[in-house]
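Dear colleague,

I am passing on the structure we spoke about, together with some notes on what turned up in it. Please look it over before you read on.

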Amino acid sequence: MISQKMQDALNNQINAELYSAYLYLSMEAYLKSLNLAGFANWMRIQTQEELTHATKLYDFVNERDSRVTLTQIQGPPTEWKSPLDVLEATYKHEQMVTSRINDLVNLAIEEKDHASNTFLQWFVNEQVEEESSALDIVQKLKLIKDDASALFLIDRELGLRVFTPPAEEK
Ligand code: FEO
């Protein structure tokens, strides 16, 4: 059993992860409208990852004999100015998620909830990768500026990304 405070915070995080999935699905739709199939593929995998984050939290709350309560998911934006605008928004969003995860760890420590703290460390590590992969694309897009053939090469590279379920991650 976890404390009510921890349970509420974990339930909020389930909502936040589902919002992330919704956000990335909306970004995918925008990128598809630009015919950037590789970028769209990268976003689809972001969505899949967010859904696994949500279910990982969902399963943990249940395992701790606590109650999952699902709430309304906010609608995501639907328009961006450019692929760079999308990726900058992705990077900013992931920084916000990192800060939420840090708050959850701080709460687990405050509550002397060692099991939740240990569980959340997976998310702490995951956020390092989440931020860095978005930032990597932002930096590439800034470098190429308006070079359409370079954009095509990045699109091709992003099209190679495949989804790896967490259990298979090293
Ligand atoms: Fe669930 Fe992208 O953090």
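At 69% relative accessibility, Asn-35 counts as exposed. This residue, like everything below, belongs to a predicted model, and Asn-35 lies in the loop between H1 and H2, where its phi is near 65°, a positive value in a residue other than glycine. Lys-112, which is in the loop between H3 and H4, also has a positive phi, of about 55°, although it is not a glycine, and with 67% relative accessibility Lys-112 counts as exposed.

Turning to the interior, the largest nonpolar core has 23 residues, of which Leu-31, Phe-39, Met-43, Val-86 and Leu-87 touch the most other members. At least two residues of this core come from each of helix H1 (4-33), H2, helix H3 (83-110), helix H4 (114-144) and helix H5 (148-158), and H1 gives the most, with 6 residues. Leaving aside residues up to four places away in sequence, Val-86 touches Met-27, Tyr-30, Leu-31, Met-43 and Trp-80. Apart from this core lies another, of 18 residues, among them Ala-9, Leu-57, Val-68 and Ala-108.

The aromatic side chains deserve a separate paragraph, since the count comes to 4 aromatic pairs. The rings of Phe-60 and Phe-119 have their centres 3.9 Å apart and their planes at 5°, so this pair is stacked; because Phe-60 lies in helix H2 and Phe-119 in helix H4, the pair ties together parts that are 59 residues apart in sequence. Phe-60 counts as buried at 7% relative accessibility, and Phe-119 is buried with a relative accessible area of 14%. Trp-122 and Phe-123 form an edge-to-face pair, 5.0 Å from centre to centre and with 80° between the planes; here Trp-122 counts as partly exposed at 22% relative accessibility, whereas Phe-123 counts as buried at 1%. Phe-60, Phe-119, Trp-122 and Phe-123 form one aromatic cluster, and the charged end of Lys-56 sits over the ring of Trp-122, 4.3 Å from its centre.

Lastly, which side chain of opposite charge is nearest to Glu-50? Glu-50, in helix H2 (residues 37-63), is buried yet has no salt bridge, and the nearest such side chain, Arg-161, is 8.0 Å away. Arg-161 itself lies over the face of Trp-42, at 4.5 Å from the ring centre. Not counting residues up to four places away in sequence, Glu-50 touches Glu-17, Ser-20, Ala-21, Tyr-24, Glu-94 and Glu-130.

With best wishes

Terms used:
Residues numbered from 1 in each chain as written. Predicted model: local features only at pLDDT ≥ 70, side-chain atom pairs only at ≥ 80, totals over all residues. Heavy atoms only, no water. Helix = DSSP H or I, 4+ residues; strand = E, 2+ residues; numbered from the N terminus. Buried < 20%, exposed > 50% of the residue type's maximum accessible area, 1.4 Å probe, protein only. Lys, Arg positive; Asp, Glu negative; His and termini not counted. Salt bridge = Lys/Arg side-chain N within 4 Å of Asp/Glu carboxyl O. Contact = heavy atoms within 4.5 Å. Core = buried A, V, L, I, M, F, W, Y, C linked by side-chain atoms within 4.5 Å. Phe/Tyr/Trp six-rings, centres within 6.5 Å; stacked < 30°, edge-to-face > 60°. Lys NZ or Arg CZ within 6 Å of the ring centre and 35° of its normal.
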